[in-house]
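This report covers strand pairing and the surroundings of one residue. Please look over the model first.

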Amino acid sequence: MYAIIATGGKQYKVSEGDIIKVEKLGVEAGQTITFDQVLAVRGDELAIGSPTVANATVTASVIKEGRDRKVIVYKYKRKTGYHKKKGHRQHFTEVKIEKINA
């Protein structure tokens, strides 16, 4: 059984027991969170929502919050001496999918 959920402007295909990194949710480690934007559920048969599946939720527990590895952004223009280097570390929440309720 799997489900496709939407959170943080992205879509994730999840099964029970999966560990995924999603955009920062602002929830402490050890707490549970419920995703109610379930776009599709596949059990015995496929249920596709328009836009979401009615009465379907995905329950997950928060493992940790953190920051991802650094991504370097480098801007350069030739012949002018212009160059700029910046780094960015995206915040994330790591969750473990406990139950798919459909």
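Buried means under 20% relative accessible area, exposed means over 50%, and partly exposed lies in between (1.4 Å probe, protein chains only). The model is predicted: local features need pLDDT of at least 70, side-chain atom pairs count only at pLDDT 80 or more, and totals for chains, interfaces and linings use all residues. Residues are numbered from 1 along each chain as its sequence is written, and side-chain values use heavy atoms, without hydrogens and water.

**Thr 93**

Thr 93 has a relative accessible area of 0%, so it is buried. It lies in strand β10, residues 91-101. Strands are DSSP runs (E, at least two residues), numbered from the N terminus. The side chains of Thr 93 and Glu 65 share a polar contact of 3.3 Å. Such a contact is a pair of N or O atoms within 3.5 Å; within protein, one must be able to donate a hydrogen and the other to accept it, and residues adjacent in sequence count only if both atoms are side-chain atoms.

**Sheets**

Two strands pair if DSSP finds at least two bridges between them. One open sheet of four strands runs β2-β1-β5-β6, with antiparallel pairing. β2 (10-15) and β6 (46-48) each have a single partner strand, so one side of each lacks a neighbour in the sheet. A further open sheet has four strands in the order β3-β10-β7-β4, also paired antiparallel. Its edge strands are β3 (19-23) and β4 (32-35).

| Strand pair | Bridges | Direction |
|---|---|---|
| β1 (residues 2-7) and β5 (residues 38-42) | Four bridges | antiparallel |
| β3 and β10 | Five bridges | antiparallel |

Ala 3 stands opposite Val 41 in β5. Glu 23 has Phe 92 in β10 as its bridge partner.
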